[in-house]
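Please look through the structure shown here, and then follow the report below, which goes from strand pairings to pockets.

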Amino acid sequence: MTTLDQFARNRLTEAESRHQRRMLVESAREGVEVMQGEDWYTSFACNDYFGLSQHPGVIGAATSALDTYGAGAGASRLITGNHPFYAPLEHALAAHCRKEAALVFGSGYLTNLGILPALVGEGDLILTDKLVHACILDGAALSGATLKRFRHNDVAHAQALLNEHRASHNRAVIVTDHIFSMDGDRAPLAELAALANSHDAWLMADDAHGLGFHDHEAPVDIWMGTLSKALGSYGGYVAASRTVIDYLLTSARSFMFTTGLPPANCAAALKALDIVKAEPERTARAQNLAVKTAKALGLPLPQSAILPIIYGDEEKALAAGEALKARGILAMAVRPPTVPAGTARLRLAFCSQHSDEQVEQLISALQSLKVAA
Ligand SMILES: *Cc1c(COP(=O)(O)O)cnc(C)c1O
């Protein structure tokens, strides 16, 4: 007989032996400075790319919503939780994505968990890039549709898979990240859209790390994204035609059977979106810092604010992270299963508030590490 605790302990020991055990560390953040334990670090591990989670205007909008409508929505949006901050936020998100309508979910994760099962099921086909975010794969699994994964950004491979599998399935949808969360590179959306079009398939793109960095010109049927990264708040959204949005709000279970977001979250995200649009220099700075670092280190130039340094081996990536930490710099060591086996890495996320000096310190620390990437 195995007790529950024995089972859990065995699994933890296995994870430890693979250097894959995870731990929570309390972190207090002021901009790009993070306090862990007694020490302050410069963080390259936050997705608050423009510092908007702590922007006075965003905090003001959230505070005023909190004062007026209270701490929580009180019910599912389909009951009485659809407070007055949703409509303007969805209107702004739809306009941002150049779509007719948008729908806000509880998180990006819940958005991706809800969309695919509403669109496809048994007998249908989902084609994803090999490196899409875990929550897309969770939504795909929940849908019951056949899942095929094409090599990263390899449109010819996607085409080959469609040639092989499209005819034996009813509906088909291609799903990709717009900016890949652990690699920082960009999907070939125009080519994927043409492919979808010629194979009677729909195209969905996850813009969690693209908001602010790239436009929405490609003819993507469904955009999804998060309020939790560049917008500094919490929540997720999908943008599409009015009809598709009406359908999703009637059928996406992760939308229907959960409480609406607190009014303050929505008010904060709306204000943050205004700021992103009004101050494009924030976006330019975050990306320029990533590009400057890549150039200094001789790495491929990123198409976003995310720069990976791939070590391959888990221990090496962890050692590089520890060595940076000893120099007062936080960078996230990312290991399988978050990334494919053999591609453990440091993931650097640049923010508009990083100073030139902080980035110089990062570069010289990385140059002196002597851990071959
Ligand atoms: C973070 C992330 C999500 C999930 O968004 P949350 O709002 O944090 O739940 C979805 N997709 C991608 C690509 C992400 O990076």
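In the hairpin that β2 and β3 form, 2 residues lie between the strands, and G37 takes a positive phi near 65° there. The model is a predicted one. The two strands of this hairpin, β2 (residues 33-36) and β3 (residues 39-43), run antiparallel and are joined by 4 bridges, and Q36 has D39 in β3 as its bridge partner. Strand β3 is also joined by 2 bridges to β12 (residues 329-330), with which it runs parallel, and here S43 has L330 in β12 as its bridge partner.

A further group of strands is an open sheet of 3 strands, placed in the order β11-β14-β13 with antiparallel pairing. Its edge strands, each pairing on one side only, are β11 (306-312) and β13 (332-334). On average, and with direction ignored, neighbouring strands of this sheet are turned by 25° against each other. Between β13 and β14 (residues 344-349), which run antiparallel, there are 3 bridges, and V334 stands opposite R345 in β14. Helix α12 (residues 314-326) lies across β11, β13 and β14, and runs at about 35° to β14.

Which elements give two or more residues to the lining of the largest pocket? They are β1 (27-30), β2, α5 (134-143), α12, β13 and β14, so that the helix and strands described above return here in part, with α12 giving the largest share of this lining, 4 residues. Among the 46 residues that line the largest pocket, R22, M332, A333, V334 and R335 are the closest to its centre.

For the second largest pocket, α3 (86-96), β4 (101-105) and α8 (242-251) each supply at least two residues of the lining, and α3 gives the most, with 4 residues. This pocket is lined by 15 residues, and those nearest its centre are R77, E90, A102, L103 and R242.

The volumes and the classes of lining residues of the two pockets are set out below.

| Pocket | Volume | Lining by class |
|---|---|---|
| Largest pocket | about 1,600 Å³ | 21 nonpolar, 11 polar and 14 charged residues |
| Second largest pocket | about 220 Å³ | 9 nonpolar, 2 polar and 4 charged residues |

Methods. Residues numbered from 1 in each chain as written. Predicted model: local features only at pLDDT ≥ 70, side-chain atom pairs only at ≥ 80, totals over all residues. Heavy atoms only, no water. Pairing = 2+ DSSP bridges. Axes fitted to C-alpha atoms, helices over the stretch in contact; angles between N-to-C directions. Contact = heavy atoms within 4.5 Å. 1 Å grid on protein atoms, 1.4 Å probe; cavity = no way out; pocket = protein on both sides within 12 Å on 5 of 7 lines; lining within 4 Å. Points joined across faces, edges and corners; volume = space filled by probe spheres on them. Nonpolar A, V, L, I, M, F, W, Y, C, P; charged D, E, K, R; others polar.
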